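The following exercises concern helices, unusual backbone geometry and enclosed space in one protein. Each task is followed by a solution in steps.

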Amino acid sequence: MRRLSVDQARRAALAAQGLASPRPANPNLGHLTRAIRSMGVLQIDSVNVVERAHHLTLFSRLGPYDTDMLWRALDERRIFEYWGRMASFCPIEDYPLYRWRMDRHEEATWQRVKMLREKAPGYIEDVHRQVSERGPLTASDLDEPGDKRGPWWGWADGKVALEYLFAVGKVSVSHRDNFTRYYDVVERVIPDELLRAEVPEARDAQKRLLVRAAGSLAVGTARDLIDYYWIRPPLGRELLAELVSEGALAEVEVGNWGEPAFMHPEARVPRSVDTRRLINPFDTHAFNRDRLERLHGFQYRIEIYVPAPKRVYGYYVFPFLLGDDLVARVDIKADRKRGVLMVPGAFLEEGQDAKRVARELALELGEMARWLGLGEIEVGKKGDLAGELGRAV
């Protein structure tokens, strides 16, 4: 059995995630599509403290890029939106691999859908008819959208119906406008050849997704791979054993992880990684906090939902990747009215050189500020790196 050090696993993971290669000088649609393909899923999030998370994840890989390219990729059907993990953009060629999940949603009992069918028989079918006749449309465009029930996820009936139709694969997201989903029938969104393609059995599709996960992670424990596409653990472990016996994945040992790991046969282990990137909390390299700690020794918690007096590092904190390690964490906010990229706090990881980290972080913050169209960087006083960073900026 092959043995890897944690350092090797970390460098392999960064390479697989597209974080080890130089960023393109002039990012184009091909670069963007390849970045999403390497990640497998691009998580979508509405938090806009700096910029939407999906744009920040792409910035980490592409550098300053035209954010309209993401919507062009959706318009040109290079990607599609679905529950790949959370709400995600996925490579369009992976569409058949999610049909099993759509079937499961149709078989499952959504409480709100059950209530809606009892209260208004035929309502969901009528919503589907309206989308077919008038789409793409939003929930508010429906003839009878219903009333919203409270804040956040208190969806109106029309939104419940559309989200159900989306989950079961009868409608898809045509485009977004100001983060609002526009739904259309799947036949007008997904290319015909993919709709007509042979649909893998659920078991086979999940095996292929586990191999996809291994390709995006390079090496990971069973939990890492199963979590990537939210496959149920008991079945996931059974499928991983089959993939090893078939030679699709290799079982390896990694440092002090204390449990078996699995490696993609095409994963590469760079001898070194020379890069600097700001990693947002919803990045595919960071959303599994346990894995992040095993790879980098970096304990990370997003504090958006923590009351302000109890926050340790700040509201929206980015780990800072320098070389192959996470060397600092930075609280960042874009003040668009003033044209300022604010850094309320900056914190150095133990054993790091403050001057070196501050110098490199200042350069990366400068790239981010220019990308966001902000003319200044304003560093606050919180954190042991703040003073050095302020001088470097």
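Helices (H or I, at least four residues) and strands (E, at least two) are DSSP runs, numbered from the N terminus. The model is predicted, so local features need pLDDT of at least 70 and side-chain atom pairs count only at pLDDT 80 or more, whereas totals for chains, interfaces and linings use all residues. Residues are numbered from 1 along each chain as its sequence is written, and side-chain values use heavy atoms, with hydrogens and water left out.

**Exercise 1. Enclosed space**

Task: Determine how many cavities of 30 Å³ or more are present, and describe the lining of each.

Solution.

Step 1. On a 1 Å grid over the protein atoms alone, a cavity is a set of points where a 1.4 Å probe fits but cannot get out; a pocket is an open set with protein on both sides within 12 Å along at least five of seven lines; lining residues have an atom within 4 Å of a point. Grid points are joined across faces, edges and corners, and a volume is the space filled by probe spheres set on the points.

Step 2. The count comes to 2 cavities of 30 Å³ or more.

Step 3. The second largest cavity holds about 40 Å³. Among the residues lining this cavity are Phe80, Glu81, Tyr82, Phe166 and Val186. Strand 3 supplies the largest share, 3 residues, and strand 3 and strand 5 each give at least two. By class (Ala, Val, Leu, Ile, Met, Phe, Trp, Tyr, Cys and Pro nonpolar; Asp, Glu, Lys and Arg charged; the others, Gly among them, polar), the lining has 7 nonpolar, 2 polar and 1 charged residues.

Step 4. The largest cavity holds about 80 Å³. Its lining includes Ala13, Ser216, Asp224, Tyr228 and Arg291. Helix 11 (222-228) supplies at least two lining residues, as does helix 10; the share from helix 11, 3 residues, is the largest. The lining divides into 4 nonpolar, 5 polar and 3 charged residues.

**Exercise 2. An open pocket**

Task: State which residues are closest to the centre of the second largest pocket and which elements line this pocket.

Solution.

Step 1. The second largest pocket has a volume of about 310 Å³. Of its 16 lining residues, Ala16, Gly215, Ser216, His264 and Glu266 are the closest to the centre.

Step 2. Helix 1 (6-16), helix 2 (29-39) and helix 10 (202-217) each give two or more residues. Helix 10 gives the most, with 4 residues.

Step 3. The lining comprises 7 nonpolar, 5 polar and 4 charged residues.

**Exercise 3. The buried face of a helix**

Task: Check the length of helix 7 (residues 123-134), and explain why its buried residues line one face.

Solution.

Step 1. The expected span is 1.5 Å times one less than the number of residues. For the 12 residues of helix 7 the result is 16 Å, and the end C-alpha atoms are 16 Å apart, which agrees.

Step 2. Buried (under 20% relative accessible area, against over 50% for exposed and in between for partly exposed, with a 1.4 Å probe and protein chains only) applies to Tyr123, Ile124, Val127, Gln130 and Val131. Their directions from the helix axis to the C-beta atoms fall within an arc of 115°, so these residues line one face of helix 7.

Step 3. Contact means heavy atoms within 4.5 Å. What covers the buried residues includes helix 6 (111-119), helix 8, strand 5 (171-177) and strand 6 (180-185).

**Exercise 4. Unusual backbone geometry**

Task: Identify the peptide bond that joins glycine 135 and proline 136 as cis or trans, and locate the positive phi values of arginine 77 and phenylalanine 179.

Solution.

Step 1. The bond between glycine 135 and proline 136 is cis, with omega about 5°. Proline 136 lies in the loop between helix 7 and helix 8.

Step 2. Arginine 77, although not a glycine, has a phi of about 60°. Its location is the loop between helix 4 (68-75) and strand 3 (79-83).

Step 3. Phenylalanine 179 has a phi near 75° and lies in the loop between strand 5 and strand 6. At 24% relative accessibility, phenylalanine 179 counts as partly exposed.
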